[in-house]
Amino acid sequence: MSKKIDIPQHIAIVMDGNGRWAKERGLPRTAGHQAGEKVLFDLVEAAIGFGVKEISAYAFSTENWKRSPEEVKFLMGYSREMLRTRRDSLNEMGVKIQWLGRPQRLWKSVISELEEAQELTSKNKKLTLNMCVNYGGRAEIVDAATELARDVKRGKVKADSINEKTLEKYLYSPKMRDVDMFLRSSGEQRTSNFLPWQTSYAELVFMDVLWPDMTPELLWKAIEIYSGRERRFGSAQ
Ligand code: IPE
Ligand code: IPE
Ligand code: MG
């Protein structure tokens, strides 16, 4: 008899390997981003079927500004177009879109597209899709600490009463679940500043597949790997 599969409630995804996918084909890096665009939506659709409740997708990091101006420009325009073309079908699928990231430097047109998608889908309950655009984990903690310090100064919070729950309230999405499964494509085995606070007890699953080649079947394979892990959260068995 097969063992019951444990479905992760929250999956964080580092969509990596677009550049290498394009390079293997002698194409510009941007062609890799283009090829990878549909994959996230296919995975979201499949994840709903599997019973996953939340997905956080790393679309652009605070470090990705180091790339060439052409690639940054492409990625900005691309995020905007992608949101515009996909938001209605995501909405019909019952997906609630949320933006996680810093507004500084981010194109205004991308921010307004993210905000529109957020507003349109705010009441949906099937699955929450956190689009992490201009997101950095350390930046998120710094931003939370700054706001918290302001509230201490205003007398709204007592410094001696600060605990993990207090700080969590200042993160970009305070209601976010802890991440259960951290999935990265492309074979790289690092977290690259993605959700450090929320992934402190996540199971890490690294797949040797470039992002444009990811499929719902491979997502299921990752879930099977996750399900085979023993999670302890510091306790002894
Ligand atoms: C991930 O693919 C997409 C983004 C960072 C936007 P990469 O562009 O990092 O692809 P590789 O890692 O160079 O292959
Ligand atoms: C992480 O991938 C960021 C995104 C997928 C958006 P990178 O390709 O930027 O990470 P490093 O540079 O390999 O660590
Ligand atoms: Mg990369």
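**Close-up 1. What lines the largest pocket in this predicted model**. Sort the lining residues by class and you get 12 nonpolar, nine polar and nine charged. The pocket itself has a volume of about 660 Å³. Out of the 30 residues lining it, Met15, Asn18, Tyr58, Ala59 and Asn64 come closest to the centre. Helix α2 (29-50) gives the largest share of the lining, with five residues. At least two residues each come from α1 (18-24), α2, β2, α3 (69-92) and β4 (127-135).

**Close-up 2. Ligand 2 and the residues around it**. Ligand 2 sits in the largest pocket. Its neighbours are Val14, Met15, Asp16, Tyr58, Ala59, Phe60, Asn64, Arg67, Arg184, Arg190 and Ser192. By class, this shell has five nonpolar, two polar and four charged residues. Strand β2 (residues 54-61) brings the largest share, three residues.

**Close-up 3. Oxygen atoms of ligand 2 and three side chains, those of Asp16, Asn64 and Arg190.** Look for an N or O atom in the side chain of Arg190, 2.8 Å from an oxygen atom of ligand 2. For the side chain of Asn64, the distance between such atoms is 2.9 Å. For Asp16, it's 3.2 Å, again from a side-chain N or O atom to an oxygen atom of the ligand. Taken alone, ligand 2 exposes 390 Å², and the protein buries 77% of that.

**Close-up 4. The second largest pocket**. Here you'll find about 170 Å³ of space. Glu54, Lys96, Gln98, Thr128, Ser173, Lys175, Met176 and Arg177 make up the lining. By class, that's one nonpolar, three polar and four charged residues.

How values were computed:
Residues numbered from 1 in each chain as written. Chains lettered and ligands numbered in written order. Predicted model: local features only at pLDDT ≥ 70, side-chain atom pairs only at ≥ 80, totals over all residues. Heavy atoms only, no water. Near = heavy atom within 4 Å. Polar contact = N/O pair within 3.5 Å; in protein donor to acceptor, adjacent residues only side chain to side chain. Areas by Shrake-Rupley, 256 points an atom, 1.4 Å probe, with all protein chains shown as cover. 1 Å grid on protein atoms, 1.4 Å probe; cavity = no way out; pocket = protein on both sides within 12 Å on 5 of 7 lines; lining within 4 Å. Sits in = over half its atoms within 2 Å of the grid points. Helix = DSSP H or I, 4+ residues; strand = E, 2+ residues; numbered from the N terminus. Nonpolar A, V, L, I, M, F, W, Y, C, P; charged D, E, K, R; others polar. Points joined across faces, edges and corners; volume = space filled by probe spheres on them.
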